[in-house]
Amino acid sequence: MTEKKKQPWWKNAVVYQIYPKSFQDSNGDGIGDIRGIISRLDYLADLGIDAVWISPMYCSPQDDNGYDISDYQDIDPMFGTLSDMEELIAEAKKRNIRIIMDLVLNHTSDEHRWFLEAKKGKDNPYHDYYVWRDGVEGELPNDMKATFGGPAWEWVPELKQYYFHQFSVKQPDLNWENPKVRREIYDMILWWMDKGVGGFRLDVIDQIAKEPDKKITNNGPRLHEFLQEMSRETFQKGDLITVGEAWGANTENAKLYSNPNGSEFSMVFQFEHMVMDQQPGKEKWDLAPLPFVKMKQCMAKWQTELYGTGWNSLFLDNHDLPRIVSRWGDDGKYRKESAKMLATMLHGMQGTPYIYQGEELGMTNVRFDDISHYEDIETLNLYRERVEKGYRPEDVMESICAKSRDNARTPMQWNAEKNAGFTEGTPWIEVNPNYTEINAEAERRDPESVYSYYRTLTRLRKEYPVFIDGKFELLMEEDEQIFAYTRTTEESEMLVCVNFTGKPASCPLTGEWKGAQILIHNYNADVTEEMKPYEAFMLLRSRQGD
Ligand code: GLC
Ligand code: CA
């Protein structure tokens, strides 16, 4: 018998992501806040959540909804105070929930004290905190583009220099080559660790080691050196969950990021599966159908290659992505079935699952018919740019309805009352009109709801070690409808099987699994070879006596 090593706590944790602006307003100003989150902790405990990642609540001019930070060590008054934050950490702890802070370390706000100083002169001690290039107005250092549109360089006439920004003009990139910047960041992280936070999510972390002269943005040569230093100086002094956001992650570098020796992070968010439904080489707005077989192979590759050498994060939704039930499921007739199917497919895998607020209700994309209803900087810039380039506005709106980040940012749907119970005032972004039907209050009463299904999934993960340790094997690889895999340990074997489509499908596997225990099933019916639209189940059997 192999001796069981003690696993880090986050290996059987389920994490919930809160987008604070849209979660729960407590004071009627239409904006979600910390006191609102505190009032909903019992809801999260009931769902079986172990940790909550909250998108940034630090002081910020909100050019990019808080991902433009002007003070890392204070809370924006819009969300509350530092003492509210301390109370949140304490109240969460009472319910065995840890709070994960979002660290945005690639850039600050242009209103951060460091940047205000940096702009004062080339010999200011903070000047070298950012990335500058000498130049002449109108002649950009190179043709690099910013993610939210326009060039990645912004001219500062007083200095006769350009600064580099991978995101908006109001998000100047920090210069990680400067050891003073790194020290400031580590001290700030330690300060939050002292406050008792349970972990960190690291925003666009693969972009910190940029080298603009070589047009390198992500995976710069010094990236892992910086990450290892940061981890040594900070995270390793605590018992934290850390997850890096890395659009440029592949299975090779993910083994560095999530090295079981803890030298960098616990895990990374990788996006290979999330960029498959777009035209190759184009942008996310250039829609294409999901290549299902390729997606399965991609998921399987991550499962297999990180087995024993790293750790996966499992997610389909976040504040930057459209709602998965609208994207890969069916948000009409089979909304519930397909939301549960997607959850089954994901939660059976090895890794730490993340549930994005409202995903557990099967919340859907929103369809605002006019661009004026959208709030997101990326969406608004895209609309302007594409219309200027001559795209038809209707086509641009189609892309926006499918992919805008605002799909994930409409207020959480708590009940069927005014504004879905999110606010007494006017919500900062409109509520999805389907809240009368899709809301937490109704779903908590209903044992057949998407919510109740997620609750079962979080419980199963705690009960059966096969979820943590089981080795993954993809089955029926080429099948165009079925996503099936097994997870196997010495003791037991689990079959996860879903019909990814709205049409019946046939699945010969079930024959071999007669008599197995049904862990979860999204139809009240027997498990047979004929799978109904979006049918999904998990079966478990013992391997004893094999
Ligand atoms: C990450 C965040 C996103 C933000 C960007 C810039 O991708 O998730 O919301 O706009 O970084 O900080
Ligand atoms: Ca508020």
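1. In this predicted model, the residues that hold the calcium ion (ligand 2) are spaced along the chain in the pattern D-x1-N-x1-D-x1-I-x1-D. The protein donors behind that pattern are Asp25 (OD), Asn27 (OD1), Asp29 (OD), Ile31 (O) and Asp33 (OD), and they lie 2.2 to 2.4 Å from the calcium ion.

2. Two of these donors are worth checking for their exposure. Aspartate 29 has a relative accessible area of 37% and is therefore partly exposed, whereas aspartate 33, with a relative accessible area of 3%, falls under the 20% cut-off and so counts as buried.

3. Turning to ligand 1, there are 14 residues around this molecule, and those that come nearest are Asp64, Asp203, Glu245, His319 and Asp320. Sorted by class, the shell around ligand 1 consists of seven charged, four nonpolar and three polar residues.

4. Several side chains place polar atoms beside oxygen atoms of ligand 1: for aspartate 203 the distance is 2.7 Å, for histidine 319 it is 2.8 Å, and for an N or O atom in the side chain of arginine 405 it is 3.0 Å. Of the 310 Å² of accessible area that ligand 1 has on its own, the protein covers 97%.

5. Helix H14, which runs over residues 450-463, has 14 residues and reaches 20 Å from its first C-alpha to its last, close to the 20 Å expected at 1.5 Å a residue. The buried residues of H14 include the run Val450, Tyr451, Ser452, Tyr453 and Tyr454, and further along the helix Leu457, Thr458, Leu460 and Arg461 are buried as well.

Key
Residues numbered from 1 in each chain as written. Chains lettered and ligands numbered in written order. Predicted model: local features only at pLDDT ≥ 70, side-chain atom pairs only at ≥ 80, totals over all residues. Heavy atoms only, no water. Near = heavy atom within 4 Å. Polar contact = N/O pair within 3.5 Å; in protein donor to acceptor, adjacent residues only side chain to side chain. Areas by Shrake-Rupley, 256 points an atom, 1.4 Å probe, with all protein chains shown as cover. Nonpolar A, V, L, I, M, F, W, Y, C, P; charged D, E, K, R; others polar. Helix = DSSP H or I, 4+ residues; strand = E, 2+ residues; numbered from the N terminus. Expected span 1.5 Å × (residues − 1). Buried < 20%, exposed > 50% of the residue type's maximum accessible area, 1.4 Å probe, protein only. Donors = N, O, S within 2.8 Å, 3.2 Å for Na, K, Ca; no water.
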